[in-house]
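Morning, everyone. Please bring up the model on your screens, and I'll walk you through some helix packing and a few single residues.

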Amino acid sequence: MKTLYRQFTVATLFILAISILIGFSIANIFYINVTKQETIEQNIGIAKEIVSTVQNVPYSEEGFEGYLQAVAKLGYQIALVDSDGDMKFFGETFDDTSLPPEAERVLTRNETFTGIKNFSSQIFMLGHFTNELHNTVGVPFEREGERYGLFIRPDTKLVGTDIHTVLIGFVAAIALVSIIGMIWMARQLTRPIVQLTEATKHIARENYSYPLDIRRNDEIGQLSESFNLMQTQLKHNDLARKSFISNVSHDFQSPLMNIQGYAELLKSPELSESDRLAYTSIIDQEAKRLSSLTRQLLLLTSLDQGAYPMKVKQFQLDEQLRSVVRKYRWRLEEQDIQLSYQLAPTLFRGDPELLDNVWDNLLTNAIKYNKTGGSIEIRLESDDTNAVITFKDSGVGIQEDAVPQLFDRFYRGDAARKKDGTGLGLSIVEQIVTLHHGTIEVKSKVGEGSEFILALPYPDVKQT
Ligand code: ADP
């Protein structure tokens, strides 16, 4: 596998190599166009200076050579060529002492030779450092009636000392520190990614407690924060899923056991008529409970998956509420509950079938958790943007700390244990209200009653 770390390091080294190449090319262009010419002129000037001294001072043969030796020590390589082609060298020896044919013109035609200019045996400016006689400048002169050619070049070994060493050290240090810095940086960048990869593997194995401790202020820090958030959410979902499955199994199991038990009892031939009726009625109740549970679960699942096909229509909301109330009149009378309502005529756009579930759940809860002789009040009001529906009862009320759990699946309050129910009603209500982009608020006091306030926004505000 191509690791990110390796790719980063290779890219860094590649960039470094390219920079060196570009830097070298620019320096080369500069050398060829500016420095080289200046060096040639400088060297010709020095050669002429030497020649003029030699011509003006009546040196003896030893004095003349001694003088050239002294100049060489100052940092030059010198070759003295006479008209016979004999050569004498001063200073550092040349690696190659051959001269090109045009160099002869120094002696034959009194011309200046600029071998440095034409020297290109090595790549570009590196030719500057080539220690060959070809790579010199030559000037003619006469001494004691004899023609000579004086060929010189700076001795790069001597000239390129202190400052060059310092510069080379400086550049090498920069390169070294940059490379180490880049490698360190690459490690810093890739380490959290390796950690994140490890964490995702744990998530894939359903371990949602992998400690990911990356504290950074950059994008990687944000990524790890989001990752931790996702991990917490997945953990929560996983727990919810497990408890959902266990609740569903339990809620199916107990009515089934009852049905099975009472069906077994019904087989007995000595059963009295009244017992037989009681048992069949229990079986009937439990079957209804199972059927309602299945219906609610199916609805909840399709709402969950976002697969529920919303059938949005325009309808009279007040009418719908009135018909739900009519449906439960017998139960209200049975429990001696007074129901009053105030329903402003409201034309609403939404899914009437889903909303019917909402009113059904809220009203059955208001009846179930009410006291005998209690009351229920239903209100439908409208403001500019919302239809506001309130279900208020004078029932048992809800403990304050239970309110946040009311809409959780399978949540059933203590008071509800003795009553019929699945604990799914309010979570269905919440899902439907959310589908209609509405909100739901609960106000309740234990022993005094509860109030469920729903605000459903008008999709395209219309009211009669
Ligand atoms: P259930 O099938 O138990 O009624 P719901 O989801 O409809 O399930 O309600 C969840 C719980 O909220 C109930 O078990 C009950 O404790 C509480 N609750 C709901 N409505 C009321 C109400 N009007 N008054 C008091 N408690 C209520």
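Start with Val248. Leave aside residues up to four places away in sequence, and Val248 touches Leu297 and Phe410. One thing before I go on: this is a predicted model. Val248 sits in helix α7. Buried or exposed, at 17% relative accessibility? Val248 counts as buried, because the cut-off for buried is under 20%. Now look across to Ile20. Val248 and Ile20 are 228 residues apart in sequence. In space, C-alpha to C-alpha, they are 70 Å apart.

Next, the partner helix. Helix α7 covers 219-266, and helix α8 covers residues 273-304. At what angle do α7 and α8 pack? The angle is about 155 degrees, and the axes are 9 Å apart. An angle over 145 counts as roughly antiparallel, so that is how α7 and α8 run relative to each other. Their crossing is left-handed. By class, the residues of this contact divide into 17 nonpolar, four polar and four charged.

Stay with α8. Does its length add up, or what should its 32 residues span? At 1.5 Å a residue, the expected span is 46 Å. The end C-alpha atoms are 46 Å apart, so the two values agree.

Which residues of α8 are buried? Going along the helix, we have Tyr279, Ile283, Glu286, Leu290 and Leu293 among them. Further on, the buried set includes Gln296, Leu297, Leu299, Leu300, Ser302 and Leu303. Note Leu297 in that set; Leu297 is also one of the residues that Val248 touches. And what do the buried residues of α8 pack against? Three helices: α7, α11 and α12, the last being 425-435. Just after α8 comes Gly306, with a positive phi of about 65 degrees.

On to α11, residues 352-368. Its neighbour here is α9, residues 317-327. The two axes come within 10 Å and cross at roughly 45 degrees. That angle makes α9 oblique to α11. The crossing is right-handed. Who makes the contact? From α9, it is Leu317, Gln320, Leu321, Val324, Val325 and Lys327. From α11, it is Pro352, Leu355, Asp356, Trp359, Asp360 and Leu363. By class, that is eight nonpolar, one polar and three charged residues.

While we are in α11, find Ala366, which lies in that helix. Ala366 has a relative accessible area of 3%, so it is buried. Not counting residues up to four places away in sequence, Ala366 touches Ile376 and Asp393. For a long-range reference, take Thr12. Ala366 and Thr12 are 354 residues apart along the chain, and their C-alpha atoms are separated by 71 Å.

Now the N-terminal pair. Helix α1 runs over residues 4-56, and helix α2 over residues 61-73. Their axes come within 11 Å and cross at roughly 155 degrees. That makes α1 roughly antiparallel to α2. Left-handed or right-handed? α1 passes α2 in a right-handed crossing. On the α1 side, the contact residues are Ile50, Thr53 and Val54. They meet Phe64, Tyr67, Leu68 and Val71 in α2. This contact has six nonpolar residues, one polar and no charged.

Last item: two loop residues with positive phi. Take Asn110. Where is Asn110 found? It is in the loop between α3, 105-108, and β3, 113-114. Its phi is near 60 degrees, a positive value in a residue other than glycine. Asn110 is partly exposed, with a relative accessible area of 46%.

Then Glu206, in the loop between α6, 162-204, and α7. Phi of Glu206 is near 65 degrees, again positive and again in a residue other than glycine. At 48% relative accessibility, Glu206 counts as partly exposed.

To recap the packing. α7 and α8 are roughly antiparallel, with a left-handed crossing. α1 and α2 are roughly antiparallel too, but α1 passes α2 in a right-handed crossing. α9 is oblique to α11, and that crossing is right-handed. That's my tour. Over to you.

Key. Residues numbered from 1 in each chain as written. Predicted model: local features only at pLDDT ≥ 70, side-chain atom pairs only at ≥ 80, totals over all residues. Heavy atoms only, no water. Axes fitted to C-alpha atoms, helices over the stretch in contact; angles between N-to-C directions. Helix = DSSP H or I, 4+ residues; strand = E, 2+ residues; numbered from the N terminus. Parallel < 35°, antiparallel > 145°, perpendicular 65-115°, else oblique. Left-handed = near helix turned anticlockwise from the far one by under 90°. Contact = heavy atoms within 4.5 Å. Nonpolar A, V, L, I, M, F, W, Y, C, P; charged D, E, K, R; others polar. Expected span 1.5 Å × (residues − 1). Buried < 20%, exposed > 50% of the residue type's maximum accessible area, 1.4 Å probe, protein only.
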